[in-house]
Amino acid sequence: MPRLTLVVERKPVHVYDVGSFVINIGRGEDMQVMIDNVSVSRRQAQIRLESDGRWTVQDLGSANGTFLNGRRLTDATPLKRGDEISFGKFSLFFESPLAEPVAEADFAPNGKPGLTTETFAMNMADVERLQHALALKRRAQLQWEAKGTAGTFYLDGGAALVGRSPLCDLQVPAGPARHVLVSRGTAGFEVRNLSRWCRMRVNGWGVERAVLNSGDTIEVGGLRLKFLDNLTHSAPLAGRTVEMSEGPKP
């Protein structure tokens, strides 16, 4: 059965081990995933196991809409591992355990106090901008510095060739034509030195290849990279099992 991880911006908050075929999400007290926040509708979205064995997600007519991987849902859409279901500043990652939970938050994901009775409706353009900004924050990224310039590169495709050449995914102003390759493997993201003349250091250690953790620094040939990925897999969070009796749709 799948696992859902609730995230606000880049911070993981709670893990749900799904033990039912239908999961309703919203601000209402009868929701299996209850999020007490004015940006969330009483009935926000539903995740369901279909008769063909696929999991789908659909919006339940919420005020501000539900998004799947940054795209607004218009009807039931199949889910795959790692998909991000988002609404307002919240996201649920489908079968994707994250880092350690947040100790304090300005909302109660499963609590009773301070339940609101109305949904604050945002302008649709503002909703789209918020979803885009938050989606960017959550992506694996490289923050780079070289020759007094700096920038951020998002690892959308799961891999990036870094160097001075215009053929590189991330073109930088210092170092060899091809510096390093950052790619996603079975153990997570890793970096490989492609330069024959420049030594690569990861967190100060000279290496040719290394598995990356969020916050690691990579230095090679006048280029400094900082890898950020708060959504990498790690030890599971303490969570609870969601149980319901309803079965799949016929």
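The following legends describe close-up views of a predicted model.

**Figure 1. Overall content of the protein chain in the predicted model.** The secondary structure of the chain consists of 1 helix and 23 strands. Of its 250 residues, 46% are buried. Among contacts in the chain with a separation of 6 or more, 47% are made by residues 24 or more positions apart. The accessible surface of the chain amounts to about 12,600 Å², and carbon and sulfur atoms contribute 50% of this area.

**Figure 2. Salt bridge between Asp 17 and Arg 3.** The whole structure contains 5 salt bridges, and the views in Figures 2 to 4 present examples. The side chains of Arg 3 and Asp 17 meet with an N to O distance of 2.8 Å. This pair connects distant parts of the chain, since Arg 3 belongs to strand S1 (residues 3-8) and Asp 17 to strand S2 (residues 11-19), with their positions 14 residues apart in the numbering. Asp 17 is partly exposed, at 26% relative accessibility. Arg 3 is likewise partly exposed, at 21%; the value for Arg 3 lies in the partly exposed class because buried means under 20% relative accessible area.

**Figure 3. Salt bridge between Arg 54 and Asp 52.** The N to O distance between these two side chains is 2.8 Å. Arg 54 counts as partly exposed, with 44% relative accessibility. Asp 52 is also partly exposed, with 48%. Side chains of opposite charge can pair when their charged atoms come close.

**Figure 4. Salt bridge between Lys 80 and Asp 83.** The side chains of this pair meet at 3.2 Å, N to O. Lys 80 is exposed, its relative accessible area being 54%. Asp 83, by contrast, is buried, at 4% relative accessibility. The view therefore shows a salt bridge that joins an exposed lysine to a buried aspartate.

**Figure 5. Open sheet of 5 strands with mixed pairing.** The strands follow the order S15-S14-S16-S17-S20. Strand S15 (170-171) and strand S20 (209-211) form the edges; each has a single partner strand, so one side of each lacks a neighbour in the sheet. Within the sheet, strand S14 (residues 159-163) and strand S16 (residues 180-185) pair in the antiparallel sense over 4 bridges. Ala 159 has Ser 183 in S16 as its bridge partner. Strands of a sheet pair through backbone hydrogen bonds, either parallel or antiparallel.

**Figure 6. Loop containing Lys 147, a residue with positive phi.** Lys 147 is located in the loop between strand S12 (141-146) and strand S13 (149-154). The phi angle of Lys 147 is about 55°, although the residue is not a glycine. Lys 147 is exposed, at 66% relative accessibility.

**Figure 7. Loop containing Asn 203, a residue with positive phi.** Strand S18 (200-202) and strand S19 (205-206) flank the loop in which Asn 203 lies. Asn 203 is a residue other than glycine, yet its phi is positive, near 55°. The relative accessible area of Asn 203 is 41%, and the residue is partly exposed.

Notes. Residues are numbered from 1 along each chain as its sequence is written. This is a predicted model: local features need pLDDT of at least 70, side-chain atom pairs count only at pLDDT 80 or more; totals for chains, interfaces and linings use all residues. Side-chain values use heavy atoms; hydrogens and water are left out. Helices (H or I, at least four residues) and strands (E, at least two) are DSSP runs, numbered from the N terminus. Buried means under 20% relative accessible area, exposed over 50%, partly exposed in between (1.4 Å probe, protein chains only). Two strands pair if DSSP finds at least two bridges between them. Contact means heavy atoms within 4.5 Å. Accessible areas come from the Shrake-Rupley method with a 1.4 Å probe; for residues, only the protein chains shown count as cover.
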